[in-house]
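Colleague: I would be grateful for a close look at the strand pairing in this model. Please take one part at a time and keep to what the coordinates support.

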Amino acid sequence: MISRLHRVAQSATLSMLLVCFVLTGCHYSSKTSAPTVAFSKVPAAYQEDPYKSDIFERDYKTDIFEGRATGTRPGQRLVLYAKTDGRWGVCRQSGQPFTSIGTDGQWKGTAHLGIQYAALLVDPSYTPPEQTESLPIVGNGVAALTVVNGQGPAPVLPSPKILNFSGYEWTTSTGPIFHAGSRSFFDPANAWTDERGALHLRISGSPGKWTAAELKLTRSLGYGTYRFQMRDVTHLEPSAVLTLITWDGVGTESNRRELDVELGRWGNLDNTNVNYVVQPYYVPANFVAFRVPPGAYTHSFRWEPGKVMFSTVAGSDNTGNGTGNGRVINQHVFTSGVPSPAGESVRIALYVFNQGQIPLKNENEVIIDKFEYLP
């Protein structure tokens, strides 16, 4: 009898637990559901002329945005971004990169105007990049994110395109972007490959409405030899600049993992026309300038831990160390400030330097026959 009563009690207990589980299942699910971030007030889209070239002319306006976060954990906060000129920049609040969340989940912040805005819910230990070309994905300290367009009309930008050049996949830049303190409008139509596989980059348009060209390798390569076989570029006008660089889309201008071969005269007829640079350029040990006569050249750099060797060879250099078929024009080894690889990729850009003494007058074009990378 006692055994039977015991079995009945066990059965009743299990039934009660099952009912409890069914009744509380929805409540439990809501407690563990993914956190969210939403906007209730979105700033206006920035109405700046996309062809404005002078960085000092920019009118930095601000606006308020508000919203609500749900499912947050203790210590989590927001990082707010605005996108202008192809990059996301942190909207600081009282000098800090973070925005607090109220006990009711409401948040409010000030934004510098852009064409898009983003809110990231992040963990207490998360360190946000000051600027970035691409927003992070959920994970590694980012619990949730939401992106919205600014209110009202915004500039319509051409769509980027993918190019295959020298066996690699590249994407084109689009819209206004700053390079070397000068703003250019990048149009994917200014970059293409011909029937022989050579890459063409062009500056097109007219004074006041020039459009430029830039390609970005879709993956990072790291240490190794980077070689660019060029046709003659000495015909470029003084304010047309061609750069062959590694560049990280995350960070600030002082830590972009940037190694440069710069071809151009930076707006001055009497300047040299080739620079080797380990950024930042204003450190004397990081900069070498020289002049090359008209002709085809191979520009390369060999990147190793704590060291990078730049080389310019007449014609085609098939070794990357200046001992190929062509005559070595210049070679230099940098050992100061050499970055280590991380998220950088190769960038090839032809653009207008608008801070020079001689304004651009005509369209300009360059041809790059081949890019090579050797680990």
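Modeller: In this predicted model, 5 strands form an open, antiparallel sheet, in the order β7-β4-β3-β6-β8. Its edges are β7, residues 131-132, and β8, residues 142-149, each of which pairs on one side only. Within this sheet, β3 (residues 77-84) and β6 (residues 116-122) are joined in the antiparallel sense by 7 bridges. One position in that pairing can be named: Leu-78 has Leu-121 of β6 as its bridge partner. In general, the strands of a sheet pair through backbone hydrogen bonds, whether parallel or antiparallel.

Another part to examine is strand β14, which spans residues 199-203 and is mostly covered, with 4 of its 5 residues buried; the cut-off for buried is under 20% relative accessible area. Strand β14 pairs with β13 (residues 191-193), the two running antiparallel and sharing 3 bridges. Thr-193 and Leu-199 of β14 are bridge partners. The two strands make a hairpin in which 5 residues lie between β13 and β14, and the turn includes Gly-197, whose phi is positive at about 90 degrees.

Strand β14 also pairs with β25, residues 364-374, again in an antiparallel arrangement, here through 5 bridges. Leu-199 appears in this pairing too, standing opposite Ile-368 of β25. Leu-199 is thus a point of contact with both neighbours: the bridge partner of Thr-193 and the residue opposite Ile-368.

Conventions:
Residues are numbered from 1 along each chain as its sequence is written. This is a predicted model: local features need pLDDT of at least 70, side-chain atom pairs count only at pLDDT 80 or more; totals for chains, interfaces and linings use all residues. Side-chain values use heavy atoms; hydrogens and water are left out. Two strands pair if DSSP finds at least two bridges between them. Buried means under 20% relative accessible area, exposed over 50%, partly exposed in between (1.4 Å probe, protein chains only).
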